[in-house]
Amino acid sequence: MHTVLTRGNATVAYTLSVLACLTFCCFISTVFLDYRVPSNINTGKILVKNVPDYGASREKHDLSFITFDLETNLSTLFNWNAKQLFLFLTAEYRTNNNHLNEVVLWDKIILRGENTALDFKNINTKYYFWDDGNGLRSNKNITLYLSWNIIPNAGLLPTVKSIGSHVFGFPSEYAAAPI
């Protein structure tokens, strides 16, 4: 009546249809959850220097060095559809040259089963805080906020900002001492 290939094709097609339906159910069960949690961010040491940028040109640009404290509990973000979190700390500020500047200063990957209660004190930034000009010195409106991507088993890859941020300002003089 039907060949082995026809029966195999029907079985594989039905199995894939059921798996696609289950994957969609997995996605729809977690897509409408609120993934925002509060975070507490503070700054410690804040320095700004005017140094040559040897990567592109010999012009001097502002380079900042900051330390920060971070406290948050991300345990509610892990559900049965979350494999891992990609956290990143971003500085957002405005200069005369650019309406919006965003710089990622630090990041961390947290896998399922790892400690999700973060309490970091006096942490150095992982990446340089360069400005493409001289817009950091005396800038009093720098906002730090924590964001994350939730890497799911199935579904969208949301980028979520935490509840809470920290606003600070840079000094009006460049640091002269080595860092």
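Which residue takes a positive phi in the hairpin of strand 7 and strand 8? In this predicted model, the residue in question is Gly-155, whose phi is near 120° in a hairpin that has 6 residues between the strands. The two strands that flank this hairpin, strand 7 and strand 8 (residues 159-161), pair in the antiparallel sense over 3 bridges, and within this pairing Trp-148 has Val-160 of strand 8 as its bridge partner.

Strand 7, which comprises residues 142-152, is mostly covered, as 10 of its 11 residues are buried. Besides its pairing with strand 8, strand 7 pairs with strand 3 in the antiparallel sense over 10 bridges, and in this arrangement Leu-89 stands opposite Leu-146 of strand 7. A further antiparallel pairing, over 3 bridges, joins strand 7 to strand 9 (residues 166-168), where Leu-144 stands opposite His-166 of strand 9. In a regular strand the side chains alternate between the two faces of the sheet.

The loop between strand 2 (60-73) and strand 3 (82-93) holds Phe-78. Because its relative accessible area of 18% is under the 20% limit, Phe-78 counts as buried. Leaving aside neighbours within four places in sequence, Phe-78 is in contact with Lys-83, Gln-84 and Leu-85, with Ile-110, Leu-111 and Arg-112, and with Thr-116. The C-alpha atoms of Phe-78 and Pro-152 are 9.5 Å apart in space, although 74 residues apart in sequence.

A second set of contacts surrounds Val-51, a residue of strand 1 (residues 39-52). When residues up to four places away in sequence are not counted, Val-51 touches Glu-59, Lys-60, His-61, Leu-63 and Trp-130. For one of these, Leu-63, the C-alpha atom is separated from that of Val-51 by 6.8 Å, with the two residues 12 residues apart along the chain.

Helix 1 is formed by residues 4-30, and at 1.5 Å a residue its 27 residues should span 39 Å, a value with which the 40 Å between its end C-alpha atoms agrees. The buried residues of helix 1 are Cys-26, Phe-27 and Thr-30. An α-helix has 3.6 residues a turn, so residues three or four places apart point the same way. Leu-16, which is also placed in helix 1, is exposed, with a relative accessible area of 53%. Leu-16 contributes to a nonpolar surface patch of about 610 Å², which is made by this residue together with Val-12, Tyr-14, Val-18, Leu-19 and Leu-22.

A search of the whole structure finds 3 salt bridges. In one of them, Lys-126 is joined to Asp-107, with the closest N and O atoms 2.7 Å apart. This pair links distant parts of the chain, since Lys-126 is in the loop between strand 5 and strand 6 whereas Asp-107 is in strand 4 (residues 101-111), 19 residues apart. At 13% relative accessibility, Asp-107 counts as buried. Another salt bridge is formed by Asp-34 and Arg-36, whose closest N and O atoms are 3.1 Å apart; here Asp-34 is exposed, at 54% relative accessibility, while Arg-36 is partly exposed, with a relative accessible area of 47%. The side chains of Lys-121 and Asp-119 likewise meet in a salt bridge, at 3.5 Å from N to O. Of these two residues, Lys-121 counts as exposed at 52% relative accessibility, and Asp-119 is partly exposed, with a relative accessible area of 48%.

Backbone angles call for a separate remark. Most residues other than glycine have a negative phi. Asn-122, which is not a glycine, nevertheless has a positive phi of about 55°. Asn-122 is found in strand 5 (residues 117-124) and counts as exposed, at 53% relative accessibility. Ser-138, likewise not a glycine, has a positive phi of about 65°. The place of Ser-138 is in the loop between strand 6 (129-130) and strand 7, and with a relative accessible area of 36% Ser-138 is partly exposed.

How values were computed
Residues are numbered from 1 along each chain as its sequence is written. This is a predicted model: local features need pLDDT of at least 70, side-chain atom pairs count only at pLDDT 80 or more; totals for chains, interfaces and linings use all residues. Side-chain values use heavy atoms; hydrogens and water are left out. Helices (H or I, at least four residues) and strands (E, at least two) are DSSP runs, numbered from the N terminus. Buried means under 20% relative accessible area, exposed over 50%, partly exposed in between (1.4 Å probe, protein chains only). Contact means heavy atoms within 4.5 Å. The expected span of a helix is 1.5 Å times one less than its number of residues. Two strands pair if DSSP finds at least two bridges between them. Patches are made of residues with over 30% relative accessible area and no salt bridge: like charges are joined within 9 Å, nonpolar side chains (Val, Leu, Ile, Met, Phe, Trp, Tyr) within 5 Å. Accessible areas come from the Shrake-Rupley method with a 1.4 Å probe; for residues, only the protein chains shown count as cover. A salt bridge is a side-chain nitrogen of Lys or Arg within 4 Å of a carboxyl oxygen of Asp or Glu.
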